[in-house]
Amino acid sequence: DAGQPSYTPTDEERKLVSHVKQQVATSDRFKRPIERLTHLSLAFYLGKSNVSWSHQQRRLEEVQSEDWEENPNTNIVRACVDTLTARTTENQPVPEVAPATTDEDDQARARLATHYLGWRWEENDMSLKDVEFTQLLYITGTAVLKCGWDPTAGDLHTVPNETIAAQEYGEALRQWELMGGQDSGVAPPERPTVPAGDDSVDVLNILEFGWDPGCQDATLKNCHWAFHRTSLHVDEVRRRYPEKGRFVRPDTGFSRDAYTTDVLRMFRGDNGQNDSLHERVEVVEYFERPSERYPGGLYVVVAGGITLDYKEQLPYGELPFIVARHKTVPGRLAGIGVIPDLMDAQATLNKFDKEYRENLKLTGNTQYFVEEGSLDAELSNEPGAVYKVKKGRPFPQPRVAPPPNMGHTQIQQQTENRIWSLGLMRVI
């Protein structure tokens with residue numbers, strides 16, 4: 001932005017940015033086989049089954065069709081997932097803290113802790129997050145909870161005096177006083193503030209979560225590093241990280257794949273009215289366990305090539321992620337959801353509906369075989385239309401359309417049997 005001061009990163013910050021980018025690239029290469037199935041599963045759940053995966057572009061592409069073609073979608077996939085989710089989340093967990101002794105004070109503290117956990121459950125909207133977590137579990141096969149302390153949340157308070165923002169504020173305040181202070185008629189500079197912090201729980205899909213390729217266990221015991229990657233509006237980045245966030249510039253990469261981004265936005269419930277593809281920046285929050293290089297571990301936040309925050313200390317000494325899988329795959333962290341088993345049944349049902357509707361259209365709007373040059377005008381679907389046939393030319397011959405219900409019973413029965421064979425429920 002015009003008028004903004006420039007920023008020169010230190011050598012240590014450059015090394016950290018390079019290190020995080022290398023780890024993200026490693027995770028992306030490892031996740032490519034999983035990426036395709038995850039995108040397709042999300043698309044099928046949202047009713048966008050008329051899609052294909054471009055291996056070259058690594059994104060979803062809508063299958064092109066003629067304007068007259070029908071592309072119906074009787075979404076059995078969503079019905080199955082939503083029913084399974086409702087059955088899984090119908091009972092809300094109730095926290096309980098057991099007292100360590102029979103002492104009355106100890107029992108009172110345990111009751112207070114139980115009420116506090118219940119209040120935090122409501123305060124963090126955990127009922128909604130529980131539903132989304134379960135949905136991701138059945139749709140993509142893998143769901144992730146990120147639990148920890150969010151330093152960007154909570155009430156605002158003034159920044160410490162040793163920070164760059166506080167020093168710049170002090171200089172601006174001195175300049176304002178030299179101008180005459182209140183007598184100058186100029187408003188005094190505002191003292192910068194930062195959030196106090198608060199505990200947080202975020203639900204991540206497997207596209208937002210990256211991990212060490214050597215990790216094969218959902219407990220993450222042998223996972224050396226992991227990260228959370230998301231996109232935020234540039235103003236939100238500057239609010240959360242006021243000291244260095246003001247130097248971050250928006251990315252343009254998020255507008256390249258509008259279709260895939262639209263699928264993910266629809267799942268999150270975003271109606272698309274809020275700059276979803278504009279002024280965004282990729283933010284990576286990276287966590288690494290203690291090692292010889294970093295004895296205390298490592299925590300780094302990178303956005304737009306700038307290190308927003310870093311500490312050579314892993315918060316709480318543990319990776320802040322909890323991974324759950326629907327169907328496990330031996331030797332692989334990522335699981336498999338219910339949708340891959342339903343894709344063929346959904347495609348079969350869509351094909352049947354498409355043929356049925358097109359045959360119905362053909363029955364009411366008969367096609368004709370016409371000798372070239374025999375008509376003075378083009379054929380149309382207008383009722384009662386009159387066409388003049390040139391003398392000596394044969395009359396148009398109607399193309400007999402198949403009956404609209406051709407194959408209805410057989411295909412529907414096959415589809416129902418397929419659903420039953422998966423051990424799910426009858427939804428057609």
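A residue is called buried here when its relative accessible area is under 20%, and exposed when that area is over 50%. The exercises below apply such terms to a predicted model.

**Exercise 1. Decide whether strand β8 is enclosed or open to the surroundings, and trace its pairing on either side.**

Solution. Begin with burial: β8 covers residues 225-233, and seven of its nine residues are buried, so the strand is largely enclosed by the rest of the structure. Next, turn to its partners, where β8 pairs with β7 in the antiparallel sense over three bridges, and is joined by nine bridges to β9 (residues 280-288), again in the antiparallel sense. Finally, follow one residue across the strands: F227 of β8 is the bridge partner of G210, and F227 also stands opposite Y286 in β9.

**Exercise 2. Write down the strand order of the open sheet that contains β7 and β11, and explain why one side of each of these two strands lacks a neighbour in the sheet.**

Solution. The sheet has five strands in the order β7-β8-β9-β10-β11, with antiparallel pairing. Since β7 (209-211) and β11 (306-311) stand at the edges and have a single partner strand each, one side of each is left without a neighbour in the sheet. From one strand to the next, the twist averages 15°. At the β11 end, five bridges join this strand to β10 (residues 298-303), and the two run antiparallel; within this pairing, V302 has T307 of β11 as its bridge partner.

**Exercise 3. Describe the open sheet of three strands, and find which of its strands α4 touches.**

Solution. Start with the order, which is β6-β3-β12 with antiparallel pairing. The edge strands are β6 (198-204) and β12, each of which pairs on one side only. Neighbouring strands of this sheet are turned against each other by 15° on average, when direction is ignored. For the pairing of β3 (residues 142-150) with β6, count seven bridges between antiparallel strands, and take as an example K146, which stands opposite D202 in β6. Helix α4 then packs on the sheet and touches β3, β6 and β12, with its direction making about 145° with that of β3.

**Exercise 4. Locate the bend in helix α1, and examine the backbone of G47, D125 and Y316.**

Solution. Helix α1 (residues 11-45) bends by about 60° at R32, and a proline, P33, follows within four residues. Just after this helix, G47 takes a positive phi of about 85°. As background for the other two residues, most residues other than glycine have a negative phi. D125 departs from that pattern, with a phi near 55°; its place is in the loop between α3 (104-123) and α4 (126-140), and at 45% relative accessibility D125 counts as partly exposed. Y316 also has a positive phi, near 65°, and lies in the loop between β11 and β12 (321-325). With a relative accessible area of 67%, Y316 is exposed.

**Exercise 5. Establish which parts of the model carry the highest and the lowest confidence, and identify stretches where pLDDT is under 50.**

Solution. Take the overall value before the local ones: the protein averages a pLDDT of 79, and 76% of the residues score at least 70. Among the elements, β7 has the highest mean pLDDT, at 95, whereas helix α7 (residues 258-268) has the lowest, at 55. Over residues 252-259 the pLDDT stays under 50, and for this stretch the model has 15 contacts beyond four places in sequence. Over residues 271-276 the pLDDT is likewise below 50, and this stretch has five contacts in the model beyond near neighbours in sequence.

**Exercise 6. Summarise the protein as a whole: its elements, its burial, its contacts and its exposed surface.**

Solution. First, count the elements, which are nine helices and 16 strands. Second, take burial, for which 37% of the 428 residues qualify. Third, consider contacts between residues at least 6 apart in sequence, of which 69% join residues at least 24 apart. Last, turn to the surface: the protein exposes about 25,100 Å², and carbon and sulfur atoms supply 50% of that area.

Key: Residues numbered from 1 in each chain as written. Predicted model: local features only at pLDDT ≥ 70, side-chain atom pairs only at ≥ 80, totals over all residues. Heavy atoms only, no water. Pairing = 2+ DSSP bridges. Axes fitted to C-alpha atoms, helices over the stretch in contact; angles between N-to-C directions. Buried < 20%, exposed > 50% of the residue type's maximum accessible area, 1.4 Å probe, protein only. Contact = heavy atoms within 4.5 Å. Areas by Shrake-Rupley, 256 points an atom, 1.4 Å probe, with all protein chains shown as cover. pLDDT = per-residue confidence, 0-100. Bend = angle between axes of the 7 residues up to and from the residue.
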